[in-house]
Structures are given as C-alpha cells and as structure tokens.
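This report describes how two protein chains meet two DNA strands in one model. Please consult the sequence and the structure shown here.

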2 protein chains.
Amino acid sequence: MAADLTIGKLAEAAGVNVETIRYYQRRGLLEEPPKPPGGHRRYASEQVRRVRFIKRAQALGFTLSEIGALLALDTACICHDTRALAARKLALIEQKMADLAAMRDVLGGLVRQCDTGTGQTACPIIDVLTRG
Amino acid sequence: MAADLTIGKLAEAAGVNVETIRYYQRRGLLEEPPKPPGGHRRYASEQVRRVRFIKRAQALGFTLSEIGALLALDTACICHDTRALAARKLALIEQKMADLAAMRDVLGGLVRQCDTGTGQTACPIIDVLTRG
DNA sequence: CTAAATGCCGTACTTAAGTACGGAGTCAAG
DNA sequence: CTTGACTCCGTACTTAAGTACGGCATTTAG
C-alpha cells in the first residue's frame, strides 16, 4: 500500500500545487516523511487521498484548522474529548446539510419554474437560510 | 416592511461588523440605499436576512462571488442562462450534501463506537471523500 | 555522464475577505 | 444647544490560505 511518490507526483495526483503540499506539512496536516540523508523524500500513495480530503472539506466550508481536528479523529478514537469533538462536528455537519437542502429546494423550484414557463415569480432564495 | 435601520443596527442585527456591511456594498452584494443629502443612510430590515444569507452561504463553502451569483438568481429568474446557472449550482449543492452525508456517517459511527466501548478500531474519515 | 527536470528550503509575494483608523460631518438625549 | 455616539469615506492593515522565487542539491532520461 505505498507506491512511493515524489512530492511532485503527489501534488499532481491530488490536483494541487507542490507548494501547497509543503504548506500543509508546515501546518501539520500532512506529515513529512523522513528524508534519506542527502536525498529526496518519498510519499506513500495514501497521502493523495488525505490531500483530496482536505480539499473537499475546504469546499464544504471547513477551515484548515477544523480539518486538522477532523483528521486527528482518524487516529485518536480514544478519549471522551474526542467523542465530544466528533459530536460537535456532527451537529455542525447536520446544520450545513440542512442549509444546503433548503438551498437545493429553492434552486430546484427555480429550475422547474424556468422549465414550465411559469415565469415572473419571485425566487426567494434568501428566505431559505433565515432560521437563527 | 421596512423599519429603517442605521448601518450600525443592521450590522448588529446580522451579527457582523459595520465595516463588513460596507465591504459587501463595495462588492455589490448589498446595495447602498440613497443617501439623504448630507445625512445618514437608512436600511430596510430585509437587509438583515440578506446579510445572514451571505454568512451562511459562506459557511457552506461558497465564495462571495458565487454568493453574488446566487443572489442574482433571486431577482432574475428569467432567461435561460439563469436556468443553466441554477442547474449548475444545484449540482454543486448536491455534491456538497453527498460529501457531508458521508462525513456525517463516519462521525456518527465514530461517536457510536466511543459509546459502545468498541475501542481501537480505525476511523477512516478520509476514506469517505475519495470519489473523484 | 551530462543536462534538464525535480526536490529542498527559506523568504517573500498574492488573493480573498475582512478590520481598523482618522478626520470630518450628523444625529439625538439631556 | 451641546456633547457623546454614530456615520461617512478613503486608505491602510490583518489573517488565512496559498503561490512564487532563487539558489543549491539530487535524480533521471537520453
């Protein structure tokens, strides 16, 4: 389960810039593999998925430090603080899903309206995220 | 349906900084009401909802310019470009929801694991956003 | 075995999204 | 009718998340 990528291949496979990989390492989101003294580092191919996860989670509105916390859950399902964190993130995720569902419904309605020619109606997309 | 807020009250009601309101005006996300010559502007209370919408949509990973496009749909359900835009956003939203659902399932499983004491299992949150 | 491509690393620049500031004008409570 | 809070506007600063650069080392394709 390794396949040993260079940083350039890793970046390419994950669809990001090499500098981004290095940035994530500095941020502690990605560990940097030990460097063979006077040589180049090699990356396990699982790292590709890790980077993609980061990018996707960002697209869902999570910051890099939230993502760091989520990734930490991956290796530390132990203590009870972890459970609490997971539960909090879960609530946040459910909130986001609800907001998205509301937007989806409005946009769906809008598309349908355009299709059926029932023209001029207001499309109250804003009305949708109003709770809270 | 107005109630005429000052910029300060609008900002407070929406839970943002006054400067943020002004920034959104500059970005064209919020129109600035006409200024009574040599006086202060007044804002209709609907604007509160508009600002909240912007904030929520940001939390869902939309950029301000995407949000501008979504808001534009609100007043322009007319042409066929609009329909296309709405349909594209709809697909994006569905993608986001699917990603969130996957994360939710993993986190839910994690919480349940913690609860039932079935300790050391790996929690493959990353595995979850791997498609694509 | 050499040349072009990569990698390493530190530092500096960029972009998006705000936030802060300063000086002048305006509003509103006492 | 004054005083303190608020508004206006322009400009400048900040933070998060990258991106670029430059000089040197190493790797790899021909």
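Which element gives the largest share of the surface near DNA strand D? H2(A) does, with five residues. The model is predicted, so to speak of local features a pLDDT of at least 70 is needed, side-chain atom pairs count only at pLDDT 80 or more, and totals for chains, interfaces and linings use all residues. Residues are numbered from 1 along each chain as its sequence is written, chains are lettered from A and ligands numbered from 1 in the order in which they are written, and side-chain values use heavy atoms, with hydrogens and water left out.

**DNA strand D**

A residue is near a strand if one of its heavy atoms lies within 4 Å of it. DNA strand D has 21 residues around it, and Thr20(A), Tyr24(A), Lys55(A), Gln58(A) and Arg41(B) come nearest. Of the strand D atoms that come within 4 Å of the protein, 79% belong to sugar and phosphate. By class, the surface near this strand has four nonpolar, ten polar and seven charged residues; Ala, Val, Leu, Ile, Met, Phe, Trp, Tyr, Cys and Pro count as nonpolar, Asp, Glu, Lys and Arg as charged, and the others, Gly among them, as polar.

**DNA strand C**

Around DNA strand C there are 20 residues, the closest being Thr6(A), Gly8(A), Arg41(A), Lys55(B) and Gln58(B). Here sugar and phosphate make up 78% of the strand's atoms within 4 Å of the protein. The largest share of this surface, five residues, comes from H2(B). Its classes are four nonpolar, ten polar and six charged residues.

**Polar contacts with the strands**

The table gives polar contacts, that is, pairs of N or O atoms within 3.5 Å; within protein, one must be able to donate a hydrogen and the other to accept it, and residues adjacent in sequence count only if both atoms are side-chain atoms.

| Residue and atom | Strand and atom | Distance |
|---|---|---|
| Lys55(A), side chain | DNA strand D, phosphate oxygen | 2.6 Å |
| Gln58(A), side chain | DNA strand D, phosphate oxygen | 2.6 Å |
| Leu64(A), backbone | DNA strand D, phosphate oxygen | 3.0 Å |
| Arg27(B), side chain | DNA strand C, phosphate oxygen | 3.0 Å |
| His40(B), side chain | DNA strand C, sugar or linking oxygen | 3.4 Å |
| Leu64(B), backbone | DNA strand C, phosphate oxygen | 3.0 Å |

Elements giving two or more residues to the surface near DNA strand C are helix H1 (7-14) of chain A, with helix H2 (18-27) and helix H3 (46-59) of chain B. Helices (H or I, at least four residues) and strands (E, at least two) are DSSP runs, numbered from the N terminus.

**Helix H3 of chain A**

The 14 residues of H3(A) should span 20 Å at 1.5 Å a residue, and the end C-alpha atoms are 20 Å apart, which agrees; the expected span is 1.5 Å times one less than the number of residues. Its buried residues are Gln47(A), Val48(A), Val51(A), Phe53(A), Ile54(A), Arg56(A) and Ala57(A). Buried means under 20% relative accessible area, exposed over 50%, and partly exposed in between (1.4 Å probe, protein chains only). Just after this helix, Gly61(A) takes a positive phi of about 90°.

**Arg83 of chain A**

Arg83(A) lies in helix H5 (residues 80-115) of chain A. Because its relative accessibility is 28%, Arg83(A) counts as partly exposed. Leaving aside neighbours within four places in sequence, Arg83(A) is in contact (heavy atoms within 4.5 Å) with Val111(B), Cys114(B) and Asp115(B).
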